[in-house]
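Let's take a tour of this structure, starting with the ligand and ending with the sheet. Have the sequence and the 3D view ready.

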Amino acid sequence: MSLLEEMSEWVISGNANKVKALVEQALAEGVAPASIVNEGLIPGMTVIGAKFKVNEVYVPEVLIAARAMHAGMAVVKPLLSVSDTKEKGIAVIGTVKGDLHDIGKNLVGMMLEGAGYTVIDIGIDVPPEKFLQAVQEHKPQIVGLSALLTTTMTNMKATIELLKPYRDQVKIMIGGAPITPKFADEIGADGYAADAASAVDCANNLLAS
Ligand code: B12
């Protein structure tokens with residue numbers, strides 16, 4: 001098994017120390033930082049995403065794998081030039097106003113990051129105006145809105161309405177336990193995904209469309 005394949009395996013099994021050590025070893029052996037990310041770290045998260053989608057692994061395993069990936073990223077990130085990674089685009093994500101649930105949103109962020117997106121997480125209880133501000137500041141291609149409460153779902157609609165002037169530049173995807181594809185349609189979102197791995201597919205599809 002090559003060093004990069006071994007790195008992927010340790011991401012999958014969530015061993016942050018091993019991943020960090022292998023990244024350091026790879027750098028010492030002259031492996032390009034971009035190869036470490038694109039051929040070592042991201043493939044590991046991709047496997048975890050696929051397994052999560054079919055219930056072969058669950059939330060804790062995804063969180064542990066993401067932590068291992070981050071341990072490797074922390075070493076290699078300062079050495080990457082912007083053009084080095086297979087940058088997919090910028091995604092701004094947040095949980096809508098009134099809603100404090102962030103476990104699902106964080107998973108979505110990690111999976112997007114694992115898939116090569118630059119993720120700007122603007123947190124929980126985010127009012128529509130703050131999403132607007134983030135769109136103006138970061139110029140993302142994707143905005144992801146999360147809501148876990150039936151009472152806060154309506155704030156997704158308010159956010160989408162406020163982002164109307166930017167709809168030709170940004171695709172909006174939504175998710176959270178109470179969200180349905182029908183609701184996404186009704187409020188004019190571009191996409192919906194039921195879980196974090198599907199969120200990556202959704203973002204990729206939206207950017208390809
Ligand atoms: C953990 C939890 C909490 C924690 C949150 C901790 C945290 N840091 O997030 C705490 C204790 C703080 C909490 C508080 C409350 N909670 Co709560 N909570 C839950 C619980 C048990 C799990 C949610 C969770 O994390 N699931 C795991 C993650 C991985 O799943 P997920 O969030 O659905 O996310 C996945 C997908 O939905 C999707 N996704 C999520 N976001 C996005 C975004 C995008 C863009 C995309 C594409 C996809 C996507 O991908 C994710 C990963 O696969 C749920 C029950 C449940 N089964 O959902 C109740 C639940 C959501 N809570 C509920 C309630 C009522 C509350 C409170 C009002 C309780 C109270 N009386 O105080 C408060 C509200 C606080 C607030 N203002 O937000 C209700 C909501 C009922 C409703 N229909 O509105 C639920 C359903 C429990 C219940 N059966 O009554 N809660």
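A polar contact here is a pair of N or O atoms within 3.5 Å. Keep in mind that this is a predicted model.

With that cut-off in hand, here are some polar contacts of the ligand:

| Ligand atom | Partner | Distance |
|---|---|---|
| nitrogen | N or O atom in the side chain of D102 | 2.7 Å |
| nitrogen | N or O atom in the side chain of S146 | 2.8 Å |
| oxygen | polar backbone atom of G176 | 3.4 Å |

Where does the shell around the ligand come from? The elements giving two or more residues to it are α5 (103-114), β3, β4 and α9. Helix α5 hands over the largest share, with four residues.

In total, 27 residues surround the ligand, and D102 and S146 are among the closest, along with L100, H101 and T150. Sort the shell by class and you get 16 nonpolar, eight polar and three charged residues.

Now for the sheet. Its five strands line up as β2-β1-β3-β4-β5, with parallel pairing, and the sheet is open. Strands β2 (117-121) and β5 (191-192) sit at the edges with a single partner strand each, so one side of each has no neighbour in the sheet. For β5, two bridges in the parallel sense link it to β4 (residues 171-175). One bridge pairs I174 with Y192 of β5.

Helices pack on this sheet too. Helix α6 (residues 128-138) touches β1 (89-95), β2 and β3 (142-146), and its direction makes about 165° with that of β1. Helix α9 (residues 196-208) lies across β2, β3, β4 and β5, at about 160° to β4.

Notes
Residues numbered from 1 in each chain as written. Predicted model: local features only at pLDDT ≥ 70, side-chain atom pairs only at ≥ 80, totals over all residues. Heavy atoms only, no water. Pairing = 2+ DSSP bridges. Contact = heavy atoms within 4.5 Å. Axes fitted to C-alpha atoms, helices over the stretch in contact; angles between N-to-C directions. Near = heavy atom within 4 Å. Polar contact = N/O pair within 3.5 Å; in protein donor to acceptor, adjacent residues only side chain to side chain. Nonpolar A, V, L, I, M, F, W, Y, C, P; charged D, E, K, R; others polar.
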